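Here are my notes on the model, set out as numbered points. Please read them with the structure open.

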Amino acid sequence: MSNQVTLTINDREIKAGKGNKLLWVALENDIYIPHLCAIKEEPRPNASCRLCFVEIEGRDKPVTSCSTEVEEGMVVKTRSERVDRLVKTGFELLLSDHNLDCRNCPANRSCSLQVIAKKCGLKLRHQRFTPIERDYELDDSPAEFALDRSRCVRCGQCVWADRNEAKAGVLGFKNRGIDRIVTSFNDQPLADLGCNSCAHCVDACPVGALYYKQKA
Amino acid sequence: MGTVNPQEQYKQLQNKAEDYAQARQEKPRILIGTATCGRAAGAMQVKENFLHELDKRNIEADVIEVGCIGHCYAEPLAIIEKPGFPAVCYGYLDEGLVNRLVEDFLAGDDPSYEFALAALERNDVFPTFEDFPRGIHEEKLILENCGLINFQHIENYIGSEGYSALALALSREPAKVLEEVKKANLRGRGGAGFPAGIKWEACAGAKEDEKFVICNADEGDPGAFMDRSILESDPHRVLEGMILCGFAIGAKKGYLYIRAEYPLAVKHVQEAIEQARENNILGDGILGTDFDFDLEVFQGSGAFICGEATALVNSMEGKMGLPESRPPRLVQAGLRGKPTVLNNVKTFAYVPRIVKEGADWFKSIGTPESPGTAVFSLVGKINGTGLVEVPMGTTLRQLIEEVGDGLPEGREFKAVQIGGPSGGCLPESALDVPIDFDSLHDAGAIMGSGGLVVMDQDDCMVAVARYFLEFTQHESCGKCTFCRLGTKHLLDILTNITKGEGDRETLQLLDELSEDIKQGSLCNLGRTAPNPVLTTLRYFRDEYEAHIEEGRCPALVCRDLILYYIKPKKCSKLCNVCVGSCPTEAIYTRDDGLKAIEQEKCVKCDNCRKACPPEYDAVIKLSPPVLPEEKGARSK
């Protein structure tokens, strides 16, 4: 059996390696699908940001492309009424818990939320949902960078980079539900916990939650 | 198979059980329901009372703790078995009644039928449970032993043919067990109704040496206590189902994931496991065959999300109890990456009888698509609260009006909440829906784990939806966007509506957001969390509209939309009860001697309304919160 499959995405015929996830196959072929939490190297996708929905012919509802393996003969549409509606709601929900002061954000112009807004035609402001009020403390203890949780989208990229690239084990999630945050052991300042300012986590952050101080 | 015939080995156990039973036949026996529900009602005190009274009169009798017989409304309960009389069940026991029963029945020969609920065996004198409407509908497959046998001794389970299915299965091929379960179309009783046989088959086919069986006993729905009662009352039945599963799929190890808030269930299961090991029913070479299987209890720490299969497995592995995206399914890669079958307590509990009596027997009960029975915990505004087991296909109306004996007098049925926080509220018009997985799903509710709450005119459907959303929002793990933020916004919107805030667009947003959370969430907690909102919007939209358009709560529940008022025409100058009942001193005596409420001080605690003597019944709630115009009233 061949290790290649042929599938159709948005009417384009595409060849891809067996076992690959749909999201990465699309992105590598310059077909955009919004995403925040996906990590290519991670075999079991997080599938938590819930933005990378696509329609697959024969499936009764949209599925997340980060968790779907490509199959021979698969027919995929990256946009549809249902997909757009889910992406819009998911995106608005994320914005309702995000500090939307883009002008003063170090990630301005490099932020994944801005990319998603542009590519999907979504607005970068609060619409249907009342912004959730938060009171976070800024952690600027590391020499080079800082963590501002008011911008965090809980994608988990920093935690993955911290554990798998930096192998530092400083960052992790804590709490449940709406209180879930990225933090350190016992909420101590990062610098006190052996963070060596390798900044893998900062590079991984798709928004401006972890940022270089010099840029701010 | 092994050198010894498992049926022979089992015969020896049966003989032992028979001797055990015979040695206990001469004396009268008093069986007291001491499951968690009984204890909460004072069963342990009743047990003490019996022991004391028997001792005082020097009567020889065995006082035995049994589980829950299901008639929780009449707890504490006891069954008295006296040679020469039919076994009789007595309810609402207290010290005086115990005294009387010991004196008249055990010392004397008067069974005091005036205090009896029902007899347990046919006789010429007193009706049995089967003679009442509830008994006519009920068909106990997995609750058959609950509240009737002493779970502390394995001999009692074996005495009622327990573990005979295991002995039978072990004398055949594992594939035979699988075949029966599959043919029986046993659907998962955890709520979703996925066929257990298909799950087992996938796991049996997996080419791995190590496999696991997990029993999900992380029952967490508010108002649900079926799994707890079964584990407390008849733990061996669940163990037998799990061992059979292990045999069918080729696993050697199983776990019961029981929440730590069920200490009695944990204790009873652990004792049952010990006894099963002592009797060669667990461990190496079960019943003399070469089949090895052992069980262990894993105590969950109480997060509701850990009832979700992948979160449960994560928490067993020492990780945060967060759900994972599927595939891979647990049967492919479950606990420690090994193929795993995970089923609910009740699902396993059906297996022994399916193996013993065959798939055709099982399919003769219930409906073609949902064979077997459904177990419900009936709670809320209903006379016969408790644990019931009825064939699938019974209608909700039969369940509420006949099995549950209807609503208390003066109560008017409004809705039935079925399936817990993942389920929905169904109105009067949906009561003829037959209970099975698919019909309930079509009506907007789910079978869920089997919690059933009956609501009446005093329940506000917006407040009920809000209550369940508060629960799911609190229990959301926060991993995925739709559940973490979506349930938070749903809750906020509902909270606003209970304050009378909102408009037509709010209701539309509520509807849209609910649908999107359902479609977009990662796991079933999120996917089902909006059901209470969607069903109340669908069936009780007028109540939502009353809140936002008129500022009125029709059920007089939402505090921001009601006020308390003392009707001058009904109030008595001679009575002062309400004044004393008020914790905030909001009630004052008017110049004319009648009482009135200072609204600014009132905290709407309802004390005055409860305190006002029924002959006056002067305190009422008004919604919208507008005071009626009154002549001569002092304004304050």
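The points below go from the basis of the model to the interface, two helices, two loop residues and the salt bridges.

1. This is a predicted model: local features need pLDDT of at least 70, side-chain atom pairs count only at pLDDT 80 or more, and totals for chains, interfaces and linings use all residues. Residues are numbered from 1 along each chain as its sequence is written, chains are lettered from A and ligands numbered from 1 in the order in which they are written, and side-chain values use heavy atoms, without hydrogens and water.

2. Chain A and chain B each bring 32 residues to their contact (heavy atoms within 4.5 Å). The buried area is about 2800 Å², with 56% from carbon and sulfur atoms; buried area here is the accessible area (1.4 Å probe) that two parts lose on being put together, summed over both.

3. Between the chains there are 4 salt bridges (a side-chain nitrogen of Lys or Arg within 4 Å of a carboxyl oxygen of Asp or Glu). A:Arg85 pairs with B:Asp516, with the closest N and O atoms 2.7 Å apart. On chain B, helices H18 (461-475), H19 (481-498) and H20 (504-520) each supply at least two residues of the side that touches chain A; helices (H or I, at least four residues) and strands (E, at least two) are DSSP runs, numbered from the N terminus. That side of chain B has 11 nonpolar, 12 polar and 9 charged residues, where Ala, Val, Leu, Ile, Met, Phe, Trp, Tyr, Cys and Pro count as nonpolar, Asp, Glu, Lys and Arg as charged, and the others, Gly among them, as polar.

4. In helix H3 (residues 112-120) of chain A, the residues A:Leu113, A:Gln114, A:Ile116, A:Ala117 and A:Cys120 are buried (under 20% relative accessible area; exposed is over 50%, partly exposed in between; 1.4 Å probe, protein chains only). They lie on the same side of H3(A), because they cover an arc of only 160° around the axis, taken from the directions from the helix axis to the C-beta atoms. Helix H2 (81-95) of chain A is included in what covers them.

5. Helix H14 (residues 345-357) of chain B is mostly covered, with 11 of its 13 residues buried. Its N-terminal end is capped by B:Asn344, which has a side-chain oxygen 2.8 Å from the backbone nitrogen of B:Lys346. Just after H14(B), B:Gly358 has a positive phi of about 95°.

6. B:Thr394 lies in the loop between strand S11 (386-391) and helix H16 (396-403) of chain B and is buried at 6% relative accessibility. A polar atom of its side chain is 2.6 Å from the backbone oxygen of B:Pro391.

7. B:Gly70, in the loop between strands S2 (62-66) and S3 (78-81) of chain B, is buried at 2% relative accessible area. Leaving aside neighbours within four places in sequence, B:Gly70 is in contact with B:Arg134, B:Thr385, B:Gly386 and B:Leu387.

8. Over all chains the structure holds 62 salt bridges. B:Glu144 and B:Arg353 form one, at 3.0 Å between the closest N and O atoms. B:Glu144 is in the loop between helices H5 (133-137) and H6 (154-159) of chain B and B:Arg353 is in helix H14, so the pair ties together parts 209 residues apart in sequence. B:Glu144 is partly exposed at 28%, whereas B:Arg353 is buried at 14%. Both belong to a salt-bridge network with B:Asp234, B:Arg237 and B:Glu357.

Technical notes: A polar contact is a pair of N or O atoms within 3.5 Å; within protein, one must be able to donate a hydrogen and the other to accept it, and residues adjacent in sequence count only if both atoms are side-chain atoms.
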